[in-house]
Amino acid sequence: MAKNILLLNGPNLNLLGSREPEVYGATTLADVERAASEQVAQAGAKLTTFQSNHEGALIDRIQAAKKEGIDAIVINPGGLTHTSVSLRDALAAVAIPFVEIHVSNIHQREAFRHHSYLSGIAVGVICGLGTEGYAAAISFALKKL
Ligand SMILES: O=C(O)[C@]1(O)C[C@H](CCCOc2ccccc2)[C@@H](O)[C@H](O)C1
């Protein structure tokens with residue numbers, strides 16, 4: 001049961017709640033992180049959050065997680081989902097179990113969003129549940145990872 005969870009958000013997720021509410025809803029990233037922090041604290045566990053618009057910063061953060069004793073990752077990779085072999089390689093290298101989450105249902109959107117470079121090595125993938133998906137991913141990590 002995960003006791004030290006890292007919540008990662010990739011490029012443009014800092015825009016949550018401020019643009020394209022018809023796609024991503026009105027909840028901000030700060031709201032998501034606050035709710036996740038409360039959820040994890042109630043379970044007696046620890047949450048660390050990180051968002052970056054830069055692939056290398058996310059890779060550096062993932063590599064550091066191993067040394068920090070992170071035992072589960074919840075990641076919304078943003079658009080890097082569909083492009084980044086390097087992000088996949090970093091997650092594979094640290095071998096920390098992770099849940100991939102997407103606010104939108106990527107399979108109902110443009111064809112280029114239908115493939116994820118990460119899903120094949122994820123424990124599981126949540127998409128299309130809006131920002132509620134983060135709570136579901138965190139709940140799974142607390143109970144099963
Ligand atoms: O649905 C998701 O969570 C995505 O990971 C969001 C990514 C985009 C990041 C968020 O970009 C925003 C842009 C404007 C307003 C809010 C978010 C998109 O590239 C993926 O295909 C699916």
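Buried means under 20% relative accessible area, exposed means over 50%, and partly exposed lies in between. The exercises below apply this to a predicted model.

**Exercise 1. Describe how strand β4 is covered, and state which way its residues point.**

Step 1. With the cut-off above, five of the five residues of β4 are buried, and the strand is mostly covered.

Step 2. Sort the residues by direction. F98, E100 and H102 point one way from β4. V99 and I101 point the other way, and these too are buried.

**Exercise 2. Determine the strand order of the sheet and name its edge strands.**

Step 1. The sheet is open and has five strands, in the order β2-β1-β3-β4-β5. The pairing is parallel.

Step 2. Each edge strand pairs on one side only; these strands are β2 (46-51) and β5.

Step 3. From one strand to the next, the twist averages 15°.

**Exercise 3. Trace the pairing of β4 with β3 and with β5, residue by residue.**

Step 1. Take the β3 side. Strand β3 (residues 72-76) pairs with β4 in the parallel sense over three bridges.

Step 2. Place residues on this side. I73 stands opposite F98 in β4, and V74 has V99 as its bridge partner in β4.

Step 3. Take the β5 side. Here β4 and β5 pair in the parallel sense over four bridges. The bridge partner of H102 in β5 is C127.

Step 4. Add the connection from β3 to β4. Together with helix α4 (residues 85-94), these two strands make a right-handed β-α-β unit.

**Exercise 4. Classify C127 by accessibility and list what it touches.**

Step 1. C127 is located in strand β5.

Step 2. Its relative accessibility is 21%, so C127 counts as partly exposed. The cut-off for buried is under 20%.

Step 3. Not counting residues up to four places away in sequence, C127 touches H102, S104, N105, I106 and H107.

Step 4. Check one of these against the sequence. C127 and N105 are 22 residues apart in sequence, and their C-alpha atoms are 5.0 Å apart in space.

**Exercise 5. Locate the annotated binding-site positions and relate them to the largest pocket.**

Step 1. The UniProt record places the feature "binding site" at N76, H82, D89, V103, S104 and R113.

Step 2. These positions are spread over 38 residues of sequence and are also spread in space, with up to 24.2 Å between C-alpha atoms.

Step 3. From this set, N76, H82, V103, S104 and R113 belong to the lining of the largest pocket.

**Exercise 6. Decide whether V103 and S104 are buried or exposed, and give their contacts.**

Step 1. V103 lies in the loop between β4 (98-102) and β5 (124-127). S104 is found in the loop between β4 and β5.

Step 2. V103 counts as buried because its relative accessibility is 5%. S104, at 8%, counts as buried as well.

Step 3. Leave aside neighbours within four places in sequence. V103 is then in contact with L16, Y24, N76, G128, L129, G130, T131 and Y134. Among these is N76, another position that the UniProt record marks as "binding site".

Step 4. With the same exclusion, S104 is in contact with V23, Y24, R109, C127 and G128. Y24 and G128 thus occur in the contact lists of both V103 and S104.

**Exercise 7. Place helix α2 against the sheet, and classify A35 and T48.**

Step 1. Helix α2 (residues 29-42) lies across β1 (4-9) and β2, and runs at about 165° to β2.

Step 2. A35 lies in helix α2. With a relative accessible area of 42%, A35 is partly exposed.

Step 3. Compare sequence and space for one pair. A35 and G79 are 44 residues apart in sequence, and 23 Å separates their C-alpha atoms.

Step 4. T48 is found in strand β2. Its relative accessible area is 17%, so T48 is buried.

Step 5. Leaving aside neighbours within four places in sequence, T48 is in contact with N4, I5, L6, L7, R61 and I70.

How values were computed. Residues numbered from 1 in each chain as written. Predicted model: local features only at pLDDT ≥ 70, side-chain atom pairs only at ≥ 80, totals over all residues. Heavy atoms only, no water. UniProt positions renumbered as here; feature names shortened; annotations may be inferred. 1 Å grid on protein atoms, 1.4 Å probe; cavity = no way out; pocket = protein on both sides within 12 Å on 5 of 7 lines; lining within 4 Å. Buried < 20%, exposed > 50% of the residue type's maximum accessible area, 1.4 Å probe, protein only. Contact = heavy atoms within 4.5 Å. Pairing = 2+ DSSP bridges. Axes fitted to C-alpha atoms, helices over the stretch in contact; angles between N-to-C directions. Right-handed = clockwise from strand over helix to strand, strands pointing away.
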